[in-house]
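Please find below some notes on this structure, set out as numbered points for checking against the coordinates.

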Amino acid sequence: MTGVSLGGVGVITGWGYGVGAWPDDARRAAGDRAVVTAATPRLDGERFRRATRECLLGVAAVQASLEDAGITREVVAGTRTALLYVTAAAYGSSNRAFVEAGEPGSAGALHFPYTAPCAVPAEVTIEYGLRGTYVTLIGGAAVTLEALAWAGRLLAEGACERVLVLAVETFAECADLFARDRRLLQRPLTEAAACALLVAGNRRIDVGAAGQVSDLTARAARRVGETLACGPLLALALGRATGKDPWTVTGRWRGRTTALVEA
Amino acid sequence: MPGVFRLRPEPVAIVAAGVVTPIGSDLDAFWTGLLTGANGISTIERFPVSDLRVQRGGEIKKLTSSDEGGRRDRASGLLCAAADDLRARSSLAADRARIGVVVGTALGGVESLEDAITDERSLRTAAAAFYDSPAHALASHLDVHGPVLTVSTACASGASALGLAADLLRAGRADLIVAGGYDGLCRFVMRGFDALRSLTRERIRPFDRRRNGLLLGEGAALVLMARDRDVTGPRLGRLLGHASTSDATHVAAPDPTGRGLEHAVELALGQAGLDAGAVEFVSAHGTGTPLNDRIETAVLRRVLGRRANGVPVNSIKGGLGHTMGAAATLEAIMCLLATRHGAIPHTLGFENGDADCDLDYVPLRPRVTRPRVSLSTSLGFGGCNAALILEGMVA
């Protein structure tokens, strides 16, 4: 097999866990809220006391994807599982906290490493023992499609046996900044974390330009809100939950719309 | 099995390169600076540092790229300066829609984020505060319309970006890709490393027994990449294999066993279809911190085996500082130039090793030799490791 198969998808949004928590219309459900904030997952372990909110969301989304796939964490541990992480905005909260801490010494050595976007996948790799291919991509929904296509290529060339494509977006701490640039972002901004587990299968995927947003993607966005990099993964989850072809997803970022296409 | 690929991907050509660094504002000056042991470390002048423990770094004092009236942020300015140098050496001869941009960065547009947070009036900085804004500024500067991607594997970003670019070319997503890495020095990162106490008050001494920390630098490095079969003219060399892997041990510190880096090297060699016996030169991450240099040395001993003492290993951070997202691309370019010019730059700052650092680190002066196949290793926050296998060409 030189293609991919969707083993499982885990989603957490400001509306709750799973597709079943989504409202029919995010804009109406959000009311006058510009940001729909995701609850911080409660995770056991001393290490998580200092991890940021976006790290905890990432770890919880991966767990949800494993549960959806019906596999244990022991299966993904080691060098044969790749992790591709995508975010457009999830570094913002920890960066802002560091900037606003002000003077040297007031923001300590523990805080600074968490300002890096790769702090989120780092916590995921540590939690699940992932030591395979590991890259963070920065950008919105179109970049997540690139990650999905890359996952397909990694599986096809035998570089790994499974790929976790993870996206996390948090907005609350920088809501005022996002409010200043409405060109890029729709409303409401809904915090989300989503993870797709891909394994070898028959669907060969790549990325190409798209004329319009797919129906599946539009329905997911209408129900959840703007989730930037998480958007395509939420659409995959919706397709899987409703029996639609989950691969008919598109992504839009910085004025470009792209789609998953047959390779 | 680590390092075993079902399919061996085709090589990707590196056609040309362009840089801006603290030791030279173009490729020729960079290479000359490496061979002459130029020291780009100075007192930082562009932003306040008087309250920090360490106030020095590899700061570029004059950025020569056309700055569009000073409207460009520092990170984008660095990228565009490197792009101008690249374009002076090679044309982007392809359909603009088939030319992509893939760049790596540890900091992205963080200085713009800092400005946006502290200046509520600024609409422009709010938009530029996204980490991938400089990559899109570069695409706009080059007027290219293919895929634009930003990779962030901390200080290994410049290697991961070349790997992803090669993958996109093989997949047919673009015909040419301008790929590389960048990062600007800013108060944000200086404060962070100051808090970590990773910075030295003395000179950077990679692999030396007196090594006690790093200094940061800034820069940008770009290469023009194409499928090897599509290139008819001269090229600098080829990227034969690459890998980016994780340690899965700590958010900030590298795995003391180095097994993640070792796995990256194995994967990259496997993709290249080579074994470690083919490696004739190693460009190490070589930050000058006690832990990094010890780990890298141990990994290279294991990977190279009995040949370890006979393979030259260098670090170019002694004169540049640690240029973060730019570092791995600068080091990859250095590997290719070593083949082109028949010389390996020496490790500035290295004089005497110790029991933990006991390889041939090319001390004191450049080594006259012409390595064909090079290994470049990189590490970063978040347990990021990357390895590149490069083949240099004389012409």
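1. Two strands are taken to pair if DSSP finds at least two bridges between them, and with that criterion in mind the contact between the chains can be read at the level of single residues. In this predicted model, A:I138 stands opposite B:T150, which belongs to strand 5 of chain B. The two elements concerned, strand 5 of chain A and strand 5 of chain B (residues 148-151), pair in the antiparallel sense over two bridges.

2. The wider interface brings 50 residues of chain A into contact with 53 residues of chain B. On the chain A side, at least two residues each are supplied by helix 4 (92-100), helix 5 (119-128), strand 5 (134-138) and helix 6, and of these elements helix 5 gives the most, with six residues. Sorted by class, the side of chain A that touches chain B has 27 nonpolar, eleven polar and twelve charged residues.

3. Within chain A, an open sheet of three strands has the order 9-11-10, with antiparallel pairing. Strand 9 (205-209) and strand 10 (250-253) of chain A stand at the edges with a single partner strand each, so that one side of each is left without a neighbour in the sheet. Neighbouring strands of this sheet are turned by 30° against each other on average, direction ignored.

4. The pairings inside this sheet can be followed residue by residue. Strand 9 of chain A pairs with strand 11 of chain A (residues 256-262) in the antiparallel sense over five bridges, whereas strand 10 and strand 11 of chain A pair, also in the antiparallel sense, over four bridges. A:T258 in strand 11 of chain A deserves a look in both pairings: A:A209 stands opposite A:T258, and A:T258 is the bridge partner of A:G251 as well.

5. Strand 10 and strand 11 of chain A form a hairpin with two residues between them, and in the turn A:R254 has a positive phi of about 50°.

6. What covers the faces of strand 10 of chain A, and are its residues buried or exposed? Both faces are covered, since A:T250 and A:R252 on one side and A:G251 and A:W253 on the other are all buried.

7. Helix 6 of chain A (residues 141-156) should be viewed together with this sheet, as the helix lies across strand 9, strand 10 and strand 11 of chain A and runs at about 135° to strand 10 of chain A. Helix 6 of chain A is also among the elements that supply at least two residues to the side of chain A that touches chain B.

How values were computed:
Residues numbered from 1 in each chain as written. Chains lettered and ligands numbered in written order. Predicted model: local features only at pLDDT ≥ 70, side-chain atom pairs only at ≥ 80, totals over all residues. Axes fitted to C-alpha atoms, helices over the stretch in contact; angles between N-to-C directions. Contact = placed C-beta atoms within 7 Å. Nonpolar A, V, L, I, M, F, W, Y, C, P; charged D, E, K, R; others polar. Buried ≥ 20, exposed ≤ 12 C-beta atoms within 10 Å, placed from the backbone.
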